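Work through the exercises below with the model open. Try each task before reading its solution.

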Amino acid sequence: MLSKYKRFCHQIVWFFQLCGMTLSMCWRGYISHKGWSALIHGIGLIVGYLGDYAVLYSMIMNFPGIAGFTALDICFLYSMGLVCYALGNVHTREFWKIDDLVLRGGLDLYLVRPVSPLVQMFVRDIQVGYVSHLILGLGCMLMVKGMSGIPWDILHWGLFFFSILAGCVVMSGISLIATPLSFWWGRSQSVTGFIRGGLRGTLQYPVTIYPKFIRILVYIIPYAFVAYYPCLYLLGKDTSPKAVLYPLISMLVGIAIHFAFWVFWRLGLKRYNSAGG
Amino acid sequence: MKLYAYLLMAYLSLKESLTYWKDYLSFVIFSVFRLVLQLSAWYALYSSVDFAPVMGRSYETMITYYLVVQIVGDVTSANGIARALEQRMSSGEIATDMLRPAAPRGILIARSWGEKFYFFIPTMVIFAGAALVVGGIQLPASPGVFAAFVLSLCLGYLINLTFELVMATFAFWFVEVNTLRWFVSFFTALSGTAVPLWLLPPWLQAICRALPFQAAAYVPMQIYLGGTNSAEILSAFGTQVLWIIGLFLLQEWLWQRGKRRIVVLGG
């Protein structure tokens, strides 16, 4: 029992070492390929997203609010969505190419190595370009926090960081959940693109403003648990004790969606036939 | 003869896009969702003021604006040309384009027409359908206003096209044109396609009015909603034409300078 536990711990440490190594490799690759363009690209991203903030803020500031949320609250929700999207997709990019990997037989490369293909794909293409999203998103959240005047105690700060963590886990699960469809359909880009991109717009507004069918959808594909629920307590919209638990529920939802993905992946992998020669 | 060749290229581009029908279907679902999400937001915002006018504009005007501006955005959009040139530069295909009897820019524009129809047809159907479902949509005040709106749309397309060609020429100097697009997207977001300019603070409105993007989307919408008289419409046309001439000359100058920089390796 003890040796099993030791082995598990050893694997976890090894996994994070692998992540660190890949991160370092990806960072060096990114910088050496793009050079100064990387920095300019990063600034460009920030400027571009500031346009979205300007649209959102200008739109809502002319009204008393939207479903009880002010323009600043909406900016906070949007920022939370941005940060979770960036952190939650740092490791999922290789899965976005799953169509080609399945159709062209590129997945063989992962299957013949003595390490789980899932682990390899998680660390294969770590995205370092999301730094801009993080800087902007976190900066805006802290700015909104300062402007809103809600005093944050240690519980708020703890929930803030835990909410980001939980939101990232949910977002990562959302990005991954439909990718094994490629094992059955060959191409799943349309469905994964819709889940990852089409529904992302639901992150910036309170879920209560949507018609019933969209509200149901954001519980099934749990966008409601990325920003809306975890932020309710932080923004002072729900100060009841149960609101403190929302980030924890988000984390559980995130773990559940990853588990569903893992089962789905295993089923799909059994169907996989190499296309290569 | 050349026009026929360009039309054929546009047709082939449309046919190529339609091959991936699942992506097409996904785009249609995307558009419906985008529409429902944004309409829900406007509904929630106006319900917070009991559907009273905001900045002098009623809820019906806002919904009309939002639905029509999506079609305006699609009609006047010329996106994709810069990206296509960037790809042809990095793959070296630009060399074969230069050898063809048709102009390289003409090829890029023709191909973008095919893609334009690909996106335009469902957008028209969805937003026209939504206009019928939502109801209360305002129509142009007279056939004359509608004609002015259509002319303004055509000029809006030419503004976006010439601007896109300016962006495309940067592919001669930079590895990624996309980087520049992010910088510009701050202002394109404020062109009037996402939110009407009357909702922006005055200082931001002043900046937007000094740029070409609002002339491509917001100006046609102002004409459609009837907020302008004949003199203002003529002045708006004049501004649009000036932008077209300015951007056309700029892209021509950049193109002539940039094409001298092309170096293609390999046989």
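The exercises go from a whole chain to a helix pair, a chain contact and a single residue.

This is a predicted model: local features need pLDDT of at least 70, side-chain atom pairs count only at pLDDT 80 or more, and totals for chains, interfaces and linings use all residues. Residues are numbered from 1 along each chain as its sequence is written, while chains are lettered from A and ligands numbered from 1 in the order in which they are written.

**Exercise 1. Describe the build of chain A.**

Step 1. Take the secondary structure: chain A has 15 helices and zero strands. Helices (H or I, at least four residues) and strands (E, at least two) are DSSP runs, numbered from the N terminus.

Step 2. Test compactness. The radius of gyration, taken over C-alpha atoms, is 20 Å for chain A. The globule rule (2.2 Å times the number of residues to the power 0.38) gives 19 Å for 277 residues, so chain A is as compact as a globular protein of that length.

Step 3. Add burial. In chain A, 40% of the 277 residues are buried, meaning that 20 or more other C-beta atoms, placed from the backbone, lie within 10 Å of a residue's own.

**Exercise 2. Work out how H2(A) packs on H8(A).**

Step 1. Get the geometry. The two axes, H2(A) and H8(A) (residues 131-148), come within 8 Å and cross at roughly 40°. Axes are lines fitted to C-alpha atoms, for helices over the stretch in contact, and angles run from 0 to 180 degrees between N-to-C directions.

Step 2. Classify the angle. Under 35 degrees is roughly parallel, over 145 roughly antiparallel, 65 to 115 roughly perpendicular and the rest oblique. H2(A) and H8(A) are therefore oblique to each other.

Step 3. List the residues. H2(A) uses Gly42(A), Leu45(A), Ile46(A), Tyr49(A) and Tyr53(A), and H8(A) uses residues including Ile135(A) and Leu136(A). Contact means C-beta atoms, placed from the backbone, within 7 Å.

**Exercise 3. Find what chain A brings to its contact with chain B.**

Step 1. Count: 34 residues come from chain A and 33 residues from chain B.

Step 2. Locate them. H2(A) gives the most to chain A's side, with 15 residues.

**Exercise 4. Is Gly156(B) buried or exposed?**

Step 1. Place Gly156(B): it is found in helix H7 (residues 143-169) of chain B.

Step 2. Count neighbours. Gly156(B) has 30 other C-beta atoms within 10 Å, so it is buried.

Step 3. Name partners. Beyond four places in sequence, Gly156(B) touches Thr76(B), Ala215(B), Ala216(B), Ala217(B), Pro220(B) and Gln240(B).

Notes:
Buried ≥ 20, exposed ≤ 12 C-beta atoms within 10 Å, placed from the backbone. Contact = placed C-beta atoms within 7 Å.
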